[in-house]
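This report goes through one protein model, from its charged pairs to its sheet, its cores and its cysteines.

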Amino acid sequence: MSQPDYKPPLIYISTSYVFDGGVVSQEFPPYVPTSVANPINSYGKSKWDGECAIRDVMNATNSNDGGRGVIVRVPLLYGEDCVQLDESPALEMMKVLLPAATGGSTTKKIDNWALRFPTSCEDVAKALKLMIDRALVDKQFTGTYHVSSPYGITKFALLQLQSQLLNVPKTELDERAVGNDENPSAANPSAAPRPQCTQLCCDDTWAALGSQVEFATLQDGMRRSLRGFPKRFVMGR
């Protein structure tokens with residue numbers, strides 16, 4: 001049915017990198033939507049600028065004639081149907097396990113310092129569906145919401161998990177990769193600064209929606225993401 005007076009909301013996808021991990025702000029995770037934002041890299045700053053535009057322009061009025069903006073902050077994401085490992089930072093380090101990497105003499109350092117919360121795009125989509133359904137019946141639905149898996153892990157620990165799921169011998173992984181416990185920014189001043197942990201608290205999201213998403217465990221999510229490895233990522237599906 002046509003609804004000429006209906007003005008759909010804009011859902012803006014932001015990032016947990018609007019927070020600094022407490023380095024400067026002294027506000028530490030887990031973060032709620034009202035926590036003090038202080039992005040420390042260009043990506044986080046660009047996303048924060050977008051958030052400010054939503055609040056200042058779309059949500060500047062409570063009038064029904066105004067637009068509606070919904071801000072959704074997410075962490076590191078991964079897809080369950082990727083065909084290229086570099087489609088997600090949660091998968092890209094697995095390039096060290098590809099056949100093309102065999103015979104390399106350099107052991108690759110993988111970040112073992114920052115705590116990430118890899119979240120399946122499938123689960124984010126479920127949360128977005130809940131928000132869209134809510135917006136259809138509540139024309140005043142706006143705000144900032146967090147959507148994140150609660151399961152934290154470093155990139156190197158994630159690579160170890162992925163290797164286990166693929167039955168890669170530990171001795172082979174040890175030859176190809178090693179965990180780097182240093183802050184990447186300290187070791188490489190030219191690298192983009194990153195906070196060590198920006199865990200998002202989703203309690204306010206579920207309270208507002210009246211429903212909750214059951215996030216995939218890292219084991220289940222990665223198992224689905226890696227089906228057909230390595231042929232799937234070398235030759236495409």
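How many salt bridges does a search of the whole structure find? The search finds 12 salt bridges in this structure, which is a predicted model. Three of them are listed here.

| Side chains | N to O distance | Accessibility |
|---|---|---|
| Glutamate 51 and arginine 55 | 2.7 Å | glutamate 51: 0%, buried; arginine 55: 27%, partly exposed |
| Arginine 73 and glutamate 51 | 2.8 Å | both buried |
| Lysine 126 and aspartate 123 | 3.6 Å | lysine 126: 47%, partly exposed; aspartate 123: 3%, buried |

Glutamate 51 appears in two of these rows. Its partner arginine 55 lies 4 residues away in helix H1, a separation of about one helical turn. With arginine 73 the setting is another one: arginine 73 lies in strand E2 and glutamate 51 in helix H1, so this pair ties together parts that are 22 residues apart in sequence. Both glutamate 51 and arginine 73 are buried.

The remaining pair in the table sits in helix H2, where lysine 126 and aspartate 123 are 3 residues apart, again about one helical turn. Shared partners also link some of the bridges: Glu51, Arg55 and Arg73 are joined into one network.

**The sheet and its helices**

In what order do the 3 strands of the open sheet stand? The order is E1-E2-E6, with parallel pairing. Strand E1 (10-15) and strand E6 (143-146) are at the edges; each has a single partner strand, so one side of each has no neighbour in the sheet. On average, neighbouring strands here are turned by 25° against each other, direction ignored.

Strand E2 covers residues 69-74 and is joined to E6 by 4 bridges. Arginine 73, the residue of E2 that forms a salt bridge with glutamate 51, stands opposite histidine 146 in E6.

Two helices lie across these strands. Helix H1, made of residues 42-58, lies across E1, E2 and E6 and runs at about 150° to E1. Helix H2, made of residues 121-137, also lies across E1, E2 and E6, and runs at about 160° to E2.

**Nonpolar cores**

The largest nonpolar core holds 25 residues. The members that touch the most other members are Leu85, Met94, Leu97, Leu158, Leu159, Ala177 and Phe229. Two elements give two or more residues to this core, helix H3 (155-165) and helix H7 (218-225). Helix H3 provides the largest share, 4 residues.

Which residues is phenylalanine 229 in contact with, leaving aside its neighbours within four places in sequence? They are Leu85, Met94, Leu97, Leu98 and Leu166. A second core, separate from the largest one, has 16 residues, including Val124, Met131, Ala135 and Tyr145.

**Cysteines**

The count of disulfides comes to 0. Cysteine 202 is in no disulfide: the nearest cysteine sulfur belongs to cysteine 201 and is 6.6 Å away, whereas a disulfide needs two cysteine sulfur atoms within 2.5 Å. Is cysteine 202 buried or exposed? Cysteine 202 has a relative accessibility of 9%, so it counts as buried. Cysteine 52 is partly exposed, with a relative accessible area of 23%.

Conventions: Residues are numbered from 1 along each chain as its sequence is written. This is a predicted model: local features need pLDDT of at least 70, side-chain atom pairs count only at pLDDT 80 or more; totals for chains, interfaces and linings use all residues. Side-chain values use heavy atoms; hydrogens and water are left out. Two strands pair if DSSP finds at least two bridges between them. Axes are lines fitted to C-alpha atoms, for helices over the stretch in contact, and angles run from 0 to 180 degrees between N-to-C directions. Contact means heavy atoms within 4.5 Å. Buried means under 20% relative accessible area, exposed over 50%, partly exposed in between (1.4 Å probe, protein chains only). A nonpolar core is a set of buried Ala, Val, Leu, Ile, Met, Phe, Trp, Tyr and Cys residues joined through side-chain atoms within 4.5 Å. A salt bridge is a side-chain nitrogen of Lys or Arg within 4 Å of a carboxyl oxygen of Asp or Glu.
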